[in-house]
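Work through the following exercises with the sequence and the model side by side. Each task is followed by a solution that goes step by step.

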Amino acid sequence: MCGPNVEAGPERFAFAHFSDTQNLFAVPGITERTTAIVRALNVLQPAFTINTGDLVTYGEEAEYRDYLAVLETARVPVFHVPGNHDIFWLRCEKKTWRAS
């Protein structure tokens, strides 16, 4: 979230990018850091935000619930792109991988 201060306007806009929020609750301090990211986004008010993965560690439903609970206070649109941690460990992906 560093860079030039760009004023939003009809021809320009600002967006934010972050990634690697995996280990959300497994690594001490990661929840606080993700919460700090959301607070900063709420102050900066970019047009949109992208998390380019890894959102969670193992792709389990409970991990996504926890991740989304942290982000539900975001007052800007957040788009999520899966990373290797998000898809590699999914049960269906394991089956697909083994069948290949």
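**Exercise 1.** Is D20 buried, partly exposed or exposed?

*Solution.* The model is a predicted one, and the residue can first be placed along the chain: D20 sits in the loop between β1 and α1 (30–44). Its relative accessible area is 42%. Since buried means under 20% and exposed means over 50%, D20 is partly exposed. The backbone of D20 also deserves a look, as its phi is positive, about 60°, although D20 is not a glycine. As a rule, most residues other than glycine have a negative phi. Q45, in the loop between α1 and β2, likewise has a positive phi, near 50°, without being a glycine, and with 42% relative accessibility Q45 counts as partly exposed.

**Exercise 2.** Describe the order of the elements along the chain, and then the order of the strands in the sheet.

*Solution.* Begin with the count, which is 4 helices and 3 strands in the protein chain. Following the sequence, these elements come in the pattern β-α-β-α-β-α-α. In space, the 3 strands form an open sheet in the order β1-β2-β3, with parallel pairing. β1 (15–18) and β3 (78–80) each have a single partner strand and stand at the edges, so one side of each has no neighbour in the sheet. On average, neighbouring strands are turned by 20° against each other, direction ignored.

**Exercise 3.** Find the bridges that hold β2 between its two partners.

*Solution.* On one side, β2 (residues 48–51) pairs with β1 in the parallel sense over 4 bridges. Here A16 stands opposite T49, and F18 has N51 as its bridge partner. On the other side, β2 and β3 pair in the parallel sense over 3 bridges, where I50 has F79 as its bridge partner.

**Exercise 4.** What is the relative accessibility of T49, and which residues does T49 touch?

*Solution.* T49 belongs to strand β2, whose covered face holds T49 and N51, while F48 and I50 make up the uncovered one. The relative accessibility of T49 is 0%, and therefore T49 counts as buried. Leaving out residues up to four places away in sequence, the contacts of T49 are A16, F18, L41, V76, P77, V78 and F79. For the chain as a whole, buried residues make up 28% of the 100 residues.

**Exercise 5.** Work out how α2 is placed and which of its residues are buried.

*Solution.* Helix α2 (residues 61–71) belongs to a right-handed β-α-β unit together with β2 and β3. The buried residues of this helix are Y67, V70 and L71. Seen down the axis of α2, these buried residues fall within an arc of 95°, so they line one face of the helix. This fits a general rule: an α-helix has 3.6 residues a turn, so residues three or four places apart point the same way. The face of α2 turned away from the buried side carries the exposed residues E61 and R65.

**Exercise 6.** Which residues does a cis peptide bond join, and what is its omega?

*Solution.* The bond joins G53 and D54, and its omega is about -5°. D54 lies in the loop between β2 and α2. In general, most peptide bonds are trans.

Notes. Residues numbered from 1 in each chain as written. Predicted model: local features only at pLDDT ≥ 70, side-chain atom pairs only at ≥ 80, totals over all residues. Heavy atoms only, no water. Helix = DSSP H or I, 4+ residues; strand = E, 2+ residues; numbered from the N terminus. Buried < 20%, exposed > 50% of the residue type's maximum accessible area, 1.4 Å probe, protein only. Pairing = 2+ DSSP bridges. Axes fitted to C-alpha atoms, helices over the stretch in contact; angles between N-to-C directions. Contact = heavy atoms within 4.5 Å. Right-handed = clockwise from strand over helix to strand, strands pointing away. Arc of directions from axis to C-beta.
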